[in-house]
Each structure stands twice: as C-alpha cells, then as structure tokens.
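Reader: I have a structure to read and I am new to this. Can you walk me through some of its features?

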2 protein chains.
Amino acid sequence: MYYKYNKITTAVLEKFKILLGEENVFVDQETLSHYAKDQTEDLYFMPEAVLKPINAIQVSSVLKICTSESIPVTPRGAGTGLSGGALPIFGGVSLSLERMNHIIDIDVNSLQATVEPGVITEVLINVVEQLGLRYPVDPGSKGSCFIGGNVAHGSGGPRVVKYGTIREYILNLQVVLPNGEIIWTGANTLKYASGYNLTQLMIGSEGTLGIITQIVVKLIPQPKHDLVMMASFPSASKACGAVSAIFRAGITPSALEFMERSGVEWVTKFDNIKFEVKDGIEAYLLIEVDGNDLIQLHSECMQISEVLERFGCSDLLLGESSREKEELWSIRRKLPLSVKANSVYREEDTVVPRAELPVLLQKIKEVGDRYGFQSICYGHAGDGNLHVNIIKASLSDDDWHNQLPLAIREIFETTIALGGTLSGEHGIGYIQKQFMDIKFKPVHLELMRGIKHLFDPLNILNPGKITP
Amino acid sequence: MYYKYNKITTAVLEKFKILLGEENVFVDQETLSHYAKDQTEDLYFMPEAVLKPINAIQVSSVLKICTSESIPVTPRGAGTGLSGGALPIFGGVSLSLERMNHIIDIDVNSLQATVEPGVITEVLINVVEQLGLRYPVDPGSKGSCFIGGNVAHGSGGPRVVKYGTIREYILNLQVVLPNGEIIWTGANTLKYASGYNLTQLMIGSEGTLGIITQIVVKLIPQPKHDLVMMASFPSASKACGAVSAIFRAGITPSALEFMERSGVEWVTKFDNIKFEVKDGIEAYLLIEVDGNDLIQLHSECMQISEVLERFGCSDLLLGESSREKEELWSIRRKLPLSVKANSVYREEDTVVPRAELPVLLQKIKEVGDRYGFQSICYGHAGDGNLHVNIIKASLSDDDWHNQLPLAIREIFETTIALGGTLSGEHGIGYIQKQFMDIKFKPVHLELMRGIKHLFDPLNILNPGKITP
C-alpha cells in the first residue's frame, strides 16, 4: 500500500504553537538534528518539527491535526533505542515524550505505580526502592532510557531471568490512538480476562499503534539481600552449559550474564577497570542471587559453585559488599559502551531457547570466520538472549554494506532454526525489517499489517517500522 | 454486522467423516447434548455435529470446509468454562480438542514443554514435578480442565500471586486460523520483541481468533518445600487488610486465598470436612509460602503471623505435613463445588487492585441487602480477585432473571470505578458480553471487533462471544 504524506506547512506549525506553546515546538536545525538519530548505528532521518507535549490531551490534539493533514508522527522516548524505532523515516513530527516525566502515584497498598512515559527507568526503580519495593525491569540503558520506550519495545534486562519480562509488570496503559481518541487498554489489576488484551498488544508495538501517555506498573517487595559471583571458564560452550545446569539444580538466579573474553578485555582496556583477564579463560558468567535470607543466599552460591566446577570453572569471585558487587557488575554494564565507543559496529539481538546458546555461538563464529569479521558476544544467558556485536575493524566498506547483511541473514536463519527469533529485547524497528521474512510466513505478516491498518488506517504513526 | 450461517448438510458431514474417520464425527443426541453445555450456570446450545480431530492438519481441513460452507465452529476444551465460551450459540460444529492430549516434548535443559491443547493441566503439572520442575499455572479446575482452554481464557489460579499469570508461561502457540492456515505465533524463547505479539493476543481470545493446536510453555525449578497456614479473622475487612500488609512486610506468598465464613460453613456441612467454624469468626485467609529452605519458610510464617495478629487474627493453624497441608487446602478447593452443588447460583469473577478488596466486598453485601440476595465470596485475595457466588435461595424467578442483572451491573460499576475489570480469570464468553459497555468505550469495542474481523472475516469461529 502506498501512503502520501504532506509536509508541515507554516499554518500547521502555527496550530502546534497555539496548542503546545511556542517554546515546545522546535524547527531549528540543531534540535532537528538531535532528534534525527538514536543509538542505532549511524542512521539519520530529519524530522520537520519536534513537538514536546505535556499531557494526553495535547498528544491527542497533535494526532488529530496530523491525521487531518496526513503528516507522519514518530513518538520518541529517550532515544536510546537500538533498532531505529524512534527515527522519523518519512520526516514529519518527532513527538518527544520527555516533558511527560512525572510519577503520578505510588500505591503502597496495592503495590502499583502510575507513571508518565518520560520517566527515566532508573528514577522509578530508585524511588520505589526507598519504599522497600522493586520495579524489576532494568534494561542496560536504565540510567537514561524512558519507561515509555521500554513498554513500546518490550525491553528486557538482566532480571528477566528471575522476575519475568516487562509484560508481567505492565497492568494498564493510557493510549492516544491515531485519530486522537484516548483509551485505557486494560485495568489496574494483576489479572485480566476481559476480551482481547490491548495492553499486551501495545507492549512491543514500537509506537506504531498508539502513543502511550500513562503506564500503570506492578511492584513487588524489594528482596533484602543479594550476592554476586564472577565465574571464569576455559570455553564459551562450558560457560553456556553451566547456565542450564544451574536451573536444573533448582536455583533461579536474579541475573545470569554471559561475556566473551574479548569483550571483558575491551572493558579492562578502555574503561580502566581493574580486573585480570587470565590466560586460558575464554568466557565469563556473572551470576546474581537475591532473597530475604543471607544465609540461604550463601548456600545457593555454594550449590552454584559446585555446578560451575563440573563445567571447568577455574576461578570464582564472590561479591559481598556493595563495592565488590558494583565492581563485578560494572564489567558487564560497561561492556556494551566500551565495545561501541571503539569501533564501527553492528549489534544483533539474537535469542534462542536457553540450552541452544552454545550452538548459536558456534554458528556465529563460523559465519564470522567465513565472512571475515570479528564479533564480541555477551548477554542474558539465562534467557538465551545473546547480543552479537559485529566489529567493522579492517572490513572494507563494500563488505560491510553488501556482504555483512548476508552473514547476518545466515545467523538469523540459524537462530530461527533453533527455535529463536529476530529480537529478544531491542525490537524490529527500522533496521531488522529486512529479516522479517525469515521468521514469519506471509499470512503472519499480513495479520501484522492488518493490525496496523486497523489502529492506524492512514499510516501516520511511526510509518516504515516493523513490517517490510 | 449480520452473518448468515448454513446448516451442516449430509454432504458436508460425509466430508468430515472422510477427513477424521467416521468414529470421530458425532451427531447422536446424547453426544450433542453433552457438548451443548459447559459449567456455566444453566445454559444449553446444541451443536449440529461434534468433531474430534487428532492434529493441526485435521483442524485446518475442518476449518477450510467450514469457511467455504459458512458453518460456525466452536472450539471446546474440557467444558469446565464458567463464562459459556465453549457453547455453540449458533449451532454448527463443536470442535473438541480432547484427542489432542499429548505431551510432545519436555526439554529439561531449556526448561520448556511442548504440549497439545487437550492435555489436562494437572497431568502436565504432575509430569514435570517428577522431573523436579514446576508449571505453576493451577486453576481451580486443574484436575479436569485442558491447558488449551486455560490459554484461550487466560486462566489463573492461586499461584498467580507469586508466579505471575499464564501469560508469563506461554512462549509460543501453534494456531490454525479460520482460513485453515497454520502459524506459530511466536518463538520458543523467554524474551520476544519481534513485531506485534500474536501469542499474547491469542491468550484470552477465547477461541474466537484461531484454534490452538500446540503450546510451548515455560517451566521453572520446583521449590523444595512449602508451608500452609489458615488464619481466622473477626471481619472480612480485617482479613482483606492483612493481605496488603503481608506484601508490605516484604513477603510474597505462593498463595493467598480469602474465604467468607458462610463459604467455609457450606464446605464443612456438605463435604464432610473436619474443621471447626468458631463463633465470632467472619473470614479466613489460606496462606502458602514456598521455597528451597525450610528454616527460611518457618521464619516467613513467623513474620506473617505477626502481621496477622495486628489485624485481629485470633486463630492460626499451620500445616507442615503433607496431610495437614492437604486438609487445609481442601477447604478452599472444595468450596466452589459445595456452593454450586447446593443451590442455583450465579458466579461473578470480579477483580480490583488488591487493596480495594474490602471496599468491593462491602459494596457487594450492600447491593445484596438491597436486592435481597445472599452471596458467598471467596477467591484469590493476593490478586484482588474475588469470586462472588450469588445464591438463588428464595428469590423469585422474576427477581432472579430480571432484577439480578441490574444488581450485577451495580457490582461491576463499582468494580470498574475501583480500577478493576469484568473478569480476572473466567473470561467474557457468552454471559458477560452484556456488561462490556460498562468497562469499554465504543472506540475500544470497535478495535476488538476489528481484530475479530481481521482474523475471522466470515465470523465462523466461536461467534457470539466477547463483543456485544
């Protein structure tokens, strides 16, 4: 289907200014440039205007104007996305939710909070922690990303392995539909069996079906203690093998992160982190356990260490004090940025059933050998979710632009053959659309297009995303 | 929109027989009568034929015939539904999944199982328990209901409070669409951010969008120990108040069930259960904690008992042995059937934010006083999910049929004003359609109708359900 969009005229711009106040409508080059990119590689799509509404009513009014004028609208959180979801491919409006950053209510009796989409995830985590509560969804970018973006992309993070995905923590959403109508998708309840679940449909829809303007999240009691371990292995397959065995021993860690040697080397090299990468070590697991009883946690660490030994773990560091735990965690947390800061790269967000991780990793290396690229892999091993960072290094531009997509296609073909999918937590957005045909039958893609058309018949909301 | 259906002709019946084998096509009155009802009150809708396919290919072929012949198809699990979801309102085919009852695979490394929809929930629970694993979705009818029906209705049960809803445990679904196409909705992964989530859309869609023919579920390690407590309270509001306070004390029980005195009295009266209902007691909480460390669980029980005391708990029984635990649980488990076996009744599946339960309960009693009916309330207090059993007793037929719906409407208006919804775990099905207007704006209902039309343009699949 072909959609024709109109440019934003001076008259329309005036309407936006009257609606939002002049100071919340931007057309200067510097602002437009900033909103032309996110953290996805080197992509750049200029919006024609950046709008910063303050509430759902303003969002609704903007969408009504854009519907009647056929102007594309791309919602934007903190711009930390890794799939190009916030890029205004067709220009038009970049609708930033950054001013809608209030925690509206924390209900300590029902253990729920109502927040606006522009709240930084870590801000919410810290505020509820002060009340003895936990919001357990903590993506790597938690210090800067917005919770609205997390919901839109189905974001994950290390704690999914114990606490479940973001889907389990989003109870209700206030959404503005493309025609300007405002609905609540669900109810403020822990259970919901009341017709088609639009809350769940909206999660992971990447701002293509509606604009999220309020979010009701579930909170849980904050566990009182945690312990962190860093385990070294002679091979990646040994490390991955240990992952499944930990669960088989009856323990569900609160984080179970995998890192390749090369990744840890980059961190120690570029981030001034004191950690000795020993000879003969090829992979690491960062393991966290949490709970209310410290003695029990130490006992779990003992049981885990017995499992790890069976898989050739030669070195096991235990973090007990806050400082020690933070030091171990910082290796994992700083890994993505130290990889990205030092080379042109491309990141793939592969995910397979937990036990298939070694097979996937082997295939990635085999493909890399064949196409001549180095990859640095790390990720949420407990979830089978492996971030593959492909490093450009000495690859020619031609290989990088023309051969690499073929290599990535091979990787995804294996991922999907192993029971996996195209993205565990980064989303499809703009850059992964090209691989959708590997995973989905035409009838499946037609259903996705049909859902999009149902919510957004004029295709004004974040066009050019998800479906090829 | 108006849909015209055709009757099943002899020629069509012949096609079904060739397809499924004569022995799996039923048109005798006894069989038809059995499939004309489920466990929802006193409703009765005769199908024209009952079909029992053995695999997705057969389901697909049946749907292709029914699409081309405009014959309605109502999928059916074990018939334990409480909202009339399996009733063939417009006749046609009752498609029973009872022969598709195989556990296809249990992957103890990735902690997943692949099952057919006709597997009895408790069979799966028991089989994985033998492997030290848990499938934690245990609806009240787990001994007879099918897992396919659980998925279709978004069923819950006592353990949702700690382990989350069924949505967290369904990774992937094989679904036959009304046109006969077979798709897998997702991937066999713990995380999934790959376009609109059709797995989540299918969960709770009550067999109106497609027929589920395989289910991949997530498993977790089986906790090694559990303890059960039964606490007595002088008032329902005290008991409900204690529920929130337990979570505030930092403890997440694995079950937290509420029972009114009158309900427990019915069980002891009709089910020959030995349990003394003492004077001055108006409500009970059944509390279960589970985990790997028994000492830790006893400590949690101590902490809980301190909380309960503050809310006037006068009597606290602890179940430690299997027999003791089973005795306490059986009071709660036998409650629904002993209420239902002894009176014409109507059950409403209200759900509100946890802390609003006392307010809701008070309103239910107030409405009951005004309209002259008795209600017996019990349910999953930890989830804010209250089953309201309205007893006909001496109400006239006129009051029962004409006045009661008005009373129920008042109850739902309160439920929704408190942030709740029409059903926590029973679904909308046939009987709750009439109340959808209380919860949903017209634009929201239109989106639901649009989704239905997208998947099933001829409206042959379970017509007459969910949307009014």
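Author: Let us begin with an annotation. The UniProt record, an unreviewed entry, places the feature "domain: FAD-binding PCMH-type" at residues 43–222 of chain A. Keep in mind that the model is predicted.

Reader: How far apart are the end C-alpha atoms of residues 43–222 of chain A?

Author: They lie 39 Å apart. The span is 22% helix and 23% strand.

Reader: Now the interior. Which residues touch the most other members of the largest nonpolar core?

Author: The general idea comes first. In soluble globular proteins, nonpolar side chains tend to be buried together. Here the largest nonpolar core has 187 residues, and A:Y135 and B:Y135 touch the most other members.

Reader: What does A:Y135 touch, leaving out residues up to four places away in sequence?

Author: Among its contacts are A:T121, A:L124, A:I125 and A:V128. A:Y135 also touches A:I147, A:I166, A:Y169 and A:I170. Further along the chain, the list includes A:V217, A:K218 and A:L219.

Reader: On to sheets. In what order do the four strands of the open sheet in chain B stand?

Author: To read a sheet, follow its strands from neighbour to neighbour. The order here is β1-β2-β4-β3, and the pairing is mixed. β1 (25–26) and β3 (73–76) of chain B each have a single partner strand, so they stand at the edges, with one side of each left without a neighbour in the sheet.

Reader: Do β3(B) and β4(B) run parallel or antiparallel?

Author: Parallel. Four bridges join β3(B) to β4(B), residues 93–96. In this pair, B:V73 stands opposite B:V93.

Reader: Which helix lies across β2, β3 and β4 of chain B?

Author: Helix α3 of chain B, residues 56–69. α3(B) runs at about 170 degrees to β4(B).

Reader: Let us try another strand. Is β18 of chain B mostly covered or mostly open?

Author: To judge a strand, check both of its faces. β18(B), residues 385–391, is mostly covered, with seven of its seven residues buried. On one side are B:N385, B:H387, B:N389 and B:I391. On the other are B:L386, B:V388 and B:I390.

Reader: How many bridges join β16(B) to β18(B)?

Author: Seven, and the two strands run antiparallel. B:T350 stands opposite B:L386 in β18(B). Strand β17(B), residues 374–380, is also joined to β18(B) by seven bridges, again antiparallel. There B:H380 stands opposite B:N385.

Reader: How many residues lie between β17(B) and β18(B)?

Author: Four, and the two strands form a hairpin. In the turn, B:G384 has a positive phi of about 70 degrees.

Terms used: Residues numbered from 1 in each chain as written. Chains lettered and ligands numbered in written order. Predicted model: local features only at pLDDT ≥ 70, side-chain atom pairs only at ≥ 80, totals over all residues. Heavy atoms only, no water. Buried < 20%, exposed > 50% of the residue type's maximum accessible area, 1.4 Å probe, protein only. Pairing = 2+ DSSP bridges. Contact = heavy atoms within 4.5 Å. Axes fitted to C-alpha atoms, helices over the stretch in contact; angles between N-to-C directions. UniProt positions renumbered as here; feature names shortened; annotations may be inferred. Core = buried A, V, L, I, M, F, W, Y, C linked by side-chain atoms within 4.5 Å.
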